[in-house]
Amino acid sequence: MDTASVEKDLVNILFTEEEIQAKIQELARQIERDYEGRELLIVGVLKGAVMVMADLARALDRHVEMDWMAVSSYGSGTKSSGVVRILKDLDTDISGRDVLIVDEIIDTGLTLSWLVSNLASRRPASVEIATLFRKPEAQTMPVSVKYVGWDIPNEFVVGYGLDYKERYRNLRSVGTLAPHIYS
Ligand code: PRP
């Protein structure tokens with residue numbers, strides 16, 4: 001979906017499709033360098049990471065395996081509860097593997113900090129994180145992130161995988177949602 005189709009729903013455009021694609025290429029070059037000569041498994045965190053996984057995997061000029069996890073906080077709106085459960089686990093045995101978790105955003109940090117320790121307990125050779133966006137002001141759990149696209153303000157952002165009530169994920173750009181949409 002193009003930005004023009006939802007212009008009235010957005011306060012501003014934070015990143016255009018072109019800027020996002022350029023950043024993905026930049027991250028891909030770093031990843032190619034860092035994992036040269038090693039097998040790489042990238043793990044996408046459903047559902048938001050679908051876009052960045054699809055674009056990052058194709059930007060990587062090397063072989064890469066892909067797997068997926070779906071995780072969720074218990075209850076409704078309970079990220080603050082600190083409890084995460086697995087809705088869909090990996091198909092891959094990651095022991096001895098180099099694993100790169102790919103997500104579109106780190107907000108409080110709860111999901112990724114939990115996921116890293118969960119995957120680390122499976123004895124991979126390494127486990128690192130790549131995220132397109134990070135909200136430093138929202139973060140309550142420390143997470144060590146190897147690849148970050150951009151640090152962004154603590155605003156309600158949608159697009160490129162990020163949703164509001166399951167909408168806007170298919171927007172090519174990323175923008176700040178107008179308050180009249182969610183209030
Ligand atoms: C989003 C995003 C991260 C998580 C980050 O997923 O994809 O996985 O939130 O938030 P946190 O740092 O506060 O844990 P969400 O739970 O919204 O599910 P979705 O990807 O299906 O939209």
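**The ligand and A138**

Colleague: How far is an oxygen atom of the ligand from a polar backbone atom of D107?
Modeller: Happy to help! This is a predicted model, where local features need pLDDT of at least 70 and side-chain atom pairs count only at pLDDT 80 or more, while totals for chains, interfaces and linings use all residues. Residues are numbered from 1 along each chain as its sequence is written, and side-chain values use heavy atoms, leaving out hydrogens and water. For D107, the oxygen-to-backbone distance is 2.8 Å.

Colleague: How much of the ligand does the protein bury?
Modeller: R169 also reaches an oxygen atom of the ligand, with a polar side-chain atom 2.9 Å away. Taken alone, the ligand exposes 500 Å² (Shrake-Rupley method, 1.4 Å probe). Of that area, the protein buries 83%.

Colleague: Which element gives the most residues to the shell around the ligand?
Modeller: In total, 15 residues surround the ligand (a heavy atom within 4 Å). Two elements, α3 (110-120) and β5 (98-106), each supply at least two of the shell residues; both are DSSP runs, with helices (H or I) of at least four residues and strands (E) of at least two. With four residues, the top contributor is β5.

Colleague: Is A138 buried or exposed?
Modeller: A138 sits in the loop between β6 (126-134) and β7 (147-151). Leaving aside neighbours within four places in sequence, A138 is in contact (heavy atoms within 4.5 Å) with D107, T108 and N154. Its relative accessible area is 12%, and under 20% counts as buried, over 50% as exposed and in between as partly exposed (1.4 Å probe, protein chains only). So A138 is buried.

Terms used: Polar contact = N/O pair within 3.5 Å; in protein donor to acceptor, adjacent residues only side chain to side chain.
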